[in-house]
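User: Please take me through this structure by means of questions and answers.

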Amino acid sequence: MNKIRFGFVGLFLRITNNWRALEKVTADEWMMKYAGKQVYEQMWKPLLIGKFASFYKDVNMAWLWARMHARTTRLGTFEGGFQKFADLFAEKLRELGVGIRLGVAVKSIKRDQMSGSLTVDGESFDKVLVTSSPSLMAKLCPDLPESYLKGLLELKSMGAVVMTLSLKHSLSKEGYYWFNVPKEEGYPFLALVEHTNFVPKENFGGDHIVYAGDYLELGHEYFSMSDEQLLERFIPAFQKFNPEFSRDWVKKIWVHKTNYAQPVPLVNHSKNIPDIQTPIEGLYFASMSQVYPWDRGTNFAVEIGRKAARMMK
């Protein structure tokens with residue numbers, strides 16, 4: 001019976017397009033009712049907890065619908081990675097006459113009352129598109145109307161910490177690419193991915209590339225730990241996947257941390273989405289928080305980027 005309910009729920013979410021009805025209820029409540037207690041607690045609840053921690057009961061069902069509705073078994077990668085893609089894209093833009101300034105901090109965006117133009121740290125522009133987090137947008141543009149600022153600051157999100165490792169040997173003896181890890185069993189991360197079980201290790205000088213990541217609430221201890229402290233925390237978990245793993249397998253580590261990695265969509269979240277065109281003429285805002293009901297991802301970033309570009313013409 002549980003297998004039948006699991007199958008019918010999955011089929012329904014794949015074929016229905018009525019996500020607005022689903023955003024009126026939490027994923028916790030909907031899945032418990034239709035998938036059943038056992039299926040929910042074994043399959044969906046661990047994923048929600050891993051992704052949203054203490055917010056897991058607040059996430060609306062439209063978010064989970066989108067994850068299943070748009071899911072595909074097809075995987076692709078850009079040779080050279082996202083950095084190579086970004087470099088080639090930037091090169092093409094420069095050929096078209098676009099100026100790109102790297103390493104330039106932006107501190108404030110204001111409308112000049114005299115000229116009507118927008119000033120970015122004192123420099124004038126006709127139109128400005130901000131693609132930061134909602135909280136940073138509010139900080140950069142304090143002149144936005146109070147209602148718009150309030151909407152930005154009330155949006156909830158999760159941060160993330162990701163460790164990437166270059167190893168001498170393969171971690172997964174079975175050649176697995178992706179592990180979804182049950183955090184409630186004491187694992188110190190949510191996802192473990194051995195990238196070179198998908199992309200040949202020859203692309204990385206023969207090294208085996210693994211990354212371990214987690215979505216975390218702000219203030220979590222991982223944000224203040226050093227790279228070595230974090231590695232020591234992770235090593236026992238790596239040894240559960242491969243008992244032969246040892247510290248001397250590690251050639252190099254990279255740790256990346258961000259306070260804004262995953263928007264938290266609450267019930268009736270569509271009402272909370274900030275408009276791309278802000279109340280300030282010429283000022284636009286496009287972020288992960290506005291791709292809803294879809295989850296953050298490259299495809300949806302491209303989609304909202306195109307939408308913003310059409311509005312700015």
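The following exchange treats a sheet, its helices, the nonpolar cores, some aromatic pairs and one lysine.

User: What kind of model is this, and how are residues numbered?
Analyst: This is a predicted model, in which local features need pLDDT of at least 70 and side-chain atom pairs count only at pLDDT 80 or more, while totals for chains, interfaces and linings use all residues. Side-chain values use heavy atoms, with hydrogens and water left out, and residues are numbered from 1 along each chain as its sequence is written.

User: In which order do the five strands of the open sheet lie, and which are the edge strands?
Analyst: Helices (H or I, at least four residues) and strands (E, at least two) are DSSP runs, numbered from the N terminus. Two strands pair if DSSP finds at least two bridges between them. In this sheet the pairing is antiparallel and the order is 6-7-8-5-9. Each edge strand pairs on one side only, and the two are strand 6 (178–180) and strand 9 (250–264).

User: Over how many bridges do strand 5 and strand 9 pair, and which residue stands opposite Val162?
Analyst: Strand 5 covers residues 156–167 and pairs with strand 9 in the antiparallel sense over eleven bridges. Opposite Val162, in strand 9, stands His256.

User: At about what angle does helix 9 run to strand 5?
Analyst: Axes are lines fitted to C-alpha atoms, for helices over the stretch in contact (heavy atoms within 4.5 Å), and angles run from 0 to 180 degrees between N-to-C directions. Helix 4 (residues 37–52) lies across strands including strand 9, to which helix 4 runs at about 95 degrees. Helix 9 (residues 227–241) lies across strands including strand 5, and its angle to strand 5 is about 75 degrees.

User: Which element gives the largest share of the largest nonpolar core?
Analyst: A nonpolar core is a set of buried (under 20% relative accessible area) Ala, Val, Leu, Ile, Met, Phe, Trp, Tyr and Cys residues joined through side-chain atoms within 4.5 Å. The largest such core has 31 residues, of which Leu13, Trp30, Met31, Phe52 and Met61 touch the most other members. Elements giving two or more residues to this core include helix 1 (2–15), strand 5 and strand 9. The largest share, seven residues, comes from helix 5.

User: Why is the pair of Tyr177 and Phe198 tilted?
Analyst: Rings of Phe, Tyr and Trp (its six-membered ring) pair if their centres lie within 6.5 Å; planes under 30 degrees apart count as stacked, over 60 as edge-to-face and the rest as tilted. By this rule the count comes to 20 aromatic pairs. For Tyr177 and Phe198 the centres are 5.1 Å apart and the planes stand at 40 degrees, so the pair is tilted.

User: Is Tyr187 buried or partly exposed?
Analyst: Partly exposed residues lie between under 20% (buried) and over 50% (exposed), using a 1.4 Å probe and protein chains only. Tyr177, at a relative accessible area of 21%, is partly exposed. Because the relative accessible area of Tyr187 is 19%, Tyr187 is buried.

User: Which backbone oxygen lies 2.4 Å from a polar atom of the side chain of Lys127?
Analyst: Lys127 lies in the loop between strand 3 (123–125) and strand 4 (128–130). With 37% relative accessibility, Lys127 counts as partly exposed. The side chain of Lys127 reaches the backbone oxygen of Lys313 at 3.4 Å. The backbone oxygen at 2.4 Å belongs to Met312.

Terms used
A polar contact is a pair of N or O atoms within 3.5 Å; within protein, one must be able to donate a hydrogen and the other to accept it, and residues adjacent in sequence count only if both atoms are side-chain atoms.
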